[in-house]
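Open the model in your viewer and keep the sequence panel beside it. Each stop on this tour says what to select and what is there.

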Amino acid sequence: MQPLIDNARTFGQRPEEFAKLAEGQCPQVLFITCSDSRVVPALITGARPGELFELRTAGNIVPPHTSQQPTSEAATIEYAVEVLGVRDIVVCGHSHCGAVGALVRGDDLTAVPAVRDWLAHATPRPAGAAEDPEVAEGVQAHVLTQLLRLRSYPCVARKLTEGRLGLHAWYYEVHTGAVRAHRPQTDTFESL
């Protein structure tokens, strides 16, 4: 913890670098990814403060849209699309994902009921080889499912119909730093 505190103390000693941020934000991309500490969207994309709007959830899950029980995820998506006017949404899964790995292996999650109940939103259960520590196949299938689920959000569906929003599926390899994007023409994930 101490290194984090030390950095926080010196971080604010450059106010000239941050003054412009007080004027507001204008991100062009909503970046939906996992809560995993090895996945750092600004590091992966090179984005500076104010350039990415982030939504981080366990397993980069986009819950089903429902008007009866709004979620913080739905509020974030709606705010990004309707208020900030993002032009693109990226759903980025990653190798060695504990959440997707648990789903692929069918792990018993009774000891962590909140995690178990959250991962229930990931249906259908991603396919993949249970013995693969990268869970690449499972994560990539899972990311595509989340992208499809985004289309059920009214604000997303409308902007897609209007041609004012793009959806992108990415897969980040934590062990190499490589990023692969889904290519619908070939239904494969290829290097950016």
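Start with the contacts across the whole chain. Contact here means heavy atoms within 4.5 Å. Among contacts between residues at least 6 apart in sequence, 62% join residues at least 24 apart.

Before selecting anything, note that this is a predicted model, where local features need pLDDT of at least 70, side-chain atom pairs count only at pLDDT 80 or more, and totals for chains, interfaces and linings use all residues. Residues are numbered from 1 along each chain as its sequence is written, and side-chain values use heavy atoms, with hydrogens and water left out.

**Whole protein**

Switch to cartoon. You should find 8 helices and 6 strands. Both are DSSP runs numbered from the N terminus: helices are H or I with at least four residues, strands are E with at least two. From the N terminus the order is α-α-β-α-β-α-β-α-α-α-α-β-β-β.

Now the dimensions. The C-alpha trace spans about 50 × 45 × 35 Å along its principal axes. The radius of gyration is 18 Å, which agrees with the value near 16 Å for a compact globule of 192 residues. That radius is taken over C-alpha atoms, and the globule rule is 2.2 Å times the number of residues to the power 0.38.

Turn on the surface. The protein exposes about 10700 Å², and carbon and sulfur atoms supply 55% of that area. Accessible areas come from the Shrake-Rupley method with a 1.4 Å probe; for residues, only the protein chains shown count as cover. Of the 192 residues, 39% count as buried. Buried means under 20% relative accessible area, exposed over 50%, and partly exposed in between.

**The nonpolar cores**

In soluble globular proteins, nonpolar side chains tend to be buried together. A nonpolar core here is a set of buried Ala, Val, Leu, Ile, Met, Phe, Trp, Tyr and Cys residues joined through side-chain atoms within 4.5 Å.

Select Leu-30, Ile-32, Ile-77, Val-86, Ile-89, Leu-150 and Val-156. These have the most contacts inside the largest core, which has 39 residues. Now centre on Leu-150. Leaving out residues up to four places away in sequence, Leu-150 touches Ile-32, Val-62, Ile-77, Ile-89, Val-91, Val-156 and Leu-167. Next, select Ala-47, Leu-52, Val-90 and Cys-92. They are included in a second, separate core of 11 residues.

**Aromatic pairs**

Show the rings. The whole structure holds 2 aromatic pairs. Rings of Phe, Tyr and Trp (its six-membered ring) pair if their centres lie within 6.5 Å; planes under 30 degrees apart count as stacked, over 60 as edge-to-face and the rest as tilted.

Select Phe-31 and Trp-170. This pair is edge-to-face, 5.8 Å centre to centre with 80 degrees between the planes. Phe-31 lies in strand S1 (residues 29-34) and Trp-170 in strand S4 (residues 166-172), so the pair ties together parts 139 residues apart in sequence. Both Phe-31 and Trp-170 are buried.

Move to Phe-53 and Tyr-79. Their ring centres are 5.9 Å apart and their planes at 35 degrees, so this pair is tilted. Phe-53 is in strand S2 (residues 52-57) and Tyr-79 in helix H4 (residues 72-83). Phe-53 is buried, at 16% relative accessible area. Tyr-79 is partly exposed, at 38%.

**A buried glutamine and two loops**

Where does Gln-146 sit? Look in helix H7 (residues 136-150). Gln-146 is buried, with a relative accessible area of 0%. Beyond its neighbours within four places in sequence, Gln-146 contacts Asn-60, Ile-61, Val-62 and Val-91.

Follow that contact to Asn-60, in the loop between S2 and H4. Asn-60 is buried, at 1% relative accessibility. Its phi is near 40 degrees, a positive value in a residue other than glycine.

Then pick His-96, in the loop between strand S3 (88-94) and helix H5 (98-105). Phi of His-96 is near 60 degrees, again positive in a residue other than glycine. His-96 is partly exposed, at 26%.

**Last stop: the cysteines**

How many disulfides are there, taking a disulfide as a pair of cysteine sulfur atoms within 2.5 Å? The count is 0. Select Cys-97: the nearest cysteine sulfur, that of Cys-34, is 4.3 Å away. Cys-97 is buried, at 3% relative accessible area. Finish at Cys-155. Its sulfur is 17 Å from the closest cysteine sulfur, in Cys-26, too far for a bond. Cys-155 is buried too, at 6%.

Methods. Disulfide = S-S within 2.5 Å. Buried < 20%, exposed > 50% of the residue type's maximum accessible area, 1.4 Å probe, protein only.
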